[in-house]
Protein chains: 2
Amino acid sequence: MPDSGGPSDLDSILGLRIRRAHGAVQRHFAEQFADLGLTQKQISVLWLIGDRPGAAQTDLARALDMDRATTMALVHALEKRRLLHRTPSQSDRRRIAFKLTSEGSRLLMRGKAAIGEHEAWLTRRFSRQELAQLERLLERIYA
Amino acid sequence: MPDSGGPSDLDSILGLRIRRAHGAVQRHFAEQFADLGLTQKQISVLWLIGDRPGAAQTDLARALDMDRATTMALVHALEKRRLLHRTPSQSDRRRIAFKLTSEGSRLLMRGKAAIGEHEAWLTRRFSRQELAQLERLLERIYA
DNA sequence: AAATATTTGTATGTAGTACGTACAAATACG
DNA sequence: CGTATTTGTACGTACTACATACAAATATTT
């Protein structure tokens, strides 16, 4: 082996740190949620629809910072699993309102519990102050 | 519209903030690198091979926190574009050493410049202290 | 020295995420 | 009323990521 992993100037790139942190969180999340069969994005969608029944395509896309095509790919997959259903709006017949099915609600409840554990795993490495600081700094990137 | 984007308890999830920050960085990166035709992962691989010529599959996977299959998918794509080439190691004939081609080196140089601009965009929202703090906190997640 | 285990590279398949584009229907606006 | 915008749909493309199985080379154990 010509080089066994010495430091590289790549380490000083903030973007890479964010990507690696994201990857680590993603991996732990996937493990935690393997039995529920939900990804981060999927449970985010369920969560949002649970919070805002009647939301539509554009609402989800905006809330989750995704484009419409990506959003609908998620929604269609969840609909196929009968976790949500879609009913046309009466006031605006272009819109189709999303609601959780009872199975979707049950899965969301289990998902929220699992997210609690996941978040505990993630946040236990920070003090309360550090956590607040980290959230504040991260928000500046996407807000 | 039944709900126009009020706050949700989703906002208090650190994992989601990391994901959204990652998404924002990813989007800006993609714009910045559209003309170079390189993704974050791809330039990370080029960068690492530039820093450590002779590295092999496993070295890259470890350095970038990816599994071997993902790593090789990246390497193969870059090899197809003649940005790197692979030569069998003499000391260990299982290993195949990666090196940049001259075209790969040129592209890496341009990429490093573009990363400089990208990093400037990303970091200009933080003071020097905040930047150090953010890097320190992020590292705790994946290290 | 021989048998076994590990490492390394290869090849395939699946899934999720993300975006672009083009199209049709409904609504809003001038 | 005609036009522009919004909304949903239906394609297609690309990247990332992981699992698995297989072969070859090397390392380890007996």
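**Two chains, two DNA strands: a Q&A**

Author: Chain A can be laid on chain B by a turn of 180 degrees and a shift of 0.0 Å along the axis, giving an RMSD of 0.1 Å. Keep in mind that this is a predicted model.

Reader: So what kind of axis relates the two copies?

Author: Any two copies of a chain are related by a rotation about an axis and a shift along it. Here the turn is 180 degrees and the shift is 0.0 Å. The two copies are therefore related as by a two-fold rotation axis.

Reader: What percentage of the contact residues of chain A recur in chain B?

Author: Chain A goes onto chain B with a turn of 180 degrees. The same surface serves both copies, and the share of chain A contact residues that recur in chain B is 100%.

Reader: Are α1(A) and α1(B) parallel, antiparallel, perpendicular or oblique to each other?

Author: Their axes come within 9 Å and cross at roughly 135 degrees. Roughly antiparallel would need an angle over 145, and roughly perpendicular covers 65 to 115. That crossing angle therefore makes α1(A) and α1(B) oblique.

Reader: And which hand does the crossing of α1(A) and α1(B) have?

Author: These are the helices spanning 14–32 in chain A and residues 14–32 in chain B. As α1(A) passes α1(B), the crossing is left-handed.

Reader: Which residues of α1(B) do the ones in α1(A) meet?

Author: On the chain A side, the helix brings A:G15, A:I18, A:R19, A:A21, A:H22, A:V25 and A:F29. Across this contact the residues divide into 8 nonpolar, 4 polar and 2 charged. The partners in α1(B) are B:G15, B:I18, B:R19, B:A21, B:H22, B:V25 and B:F29.

Reader: Now the DNA. Which helix supplies the largest share of the surface near strand D?

Author: There are 25 residues around DNA strand D, and A:A56, A:Q57, B:T39, B:K41 and B:A69 come nearest. Helices α1, α3 and α4 of chain A, along with α2 and α4 of chain B, each supply at least two residues of that surface. The largest share, 5 residues, comes from α4(B).

Reader: Which helix has the largest share near strand C?

Author: Around DNA strand C there are 25 residues, with A:T39, A:K41, A:A69, B:A56 and B:Q57 nearest. At least two residues each come from α2 and α4 of chain A and from α1, α3 and α4 of chain B. The largest share, 5 residues, belongs to α4(A).

Reader: How many residues near strand C are charged?

Author: The surface near DNA strand D divides into 9 nonpolar, 7 polar and 9 charged residues. Near DNA strand C, 9 residues are nonpolar and 7 polar, and the number of charged ones is 9.

Conventions
Residues are numbered from 1 along each chain as its sequence is written. Chains are lettered from A and ligands numbered from 1 in the order in which they are written. This is a predicted model: local features need pLDDT of at least 70, side-chain atom pairs count only at pLDDT 80 or more; totals for chains, interfaces and linings use all residues. A residue is near a molecule or strand if its C-beta atom, placed from the backbone, lies within 6 Å of it. Helices (H or I, at least four residues) and strands (E, at least two) are DSSP runs, numbered from the N terminus. Ala, Val, Leu, Ile, Met, Phe, Trp, Tyr, Cys and Pro count as nonpolar, Asp, Glu, Lys and Arg as charged, and the others, Gly among them, as polar. Copies are superposed by least squares on the C-alpha atoms of residues with pLDDT of at least 70 in both. Two residues are in contact if their C-beta atoms, placed from the backbone, lie within 7 Å. Axes are lines fitted to C-alpha atoms, for helices over the stretch in contact, and angles run from 0 to 180 degrees between N-to-C directions. Angles under 35 degrees count as roughly parallel, over 145 as roughly antiparallel, 65 to 115 as roughly perpendicular and the rest as oblique. A crossing is left-handed if the near helix is turned anticlockwise from the far one by less than a right angle, and right-handed if clockwise.
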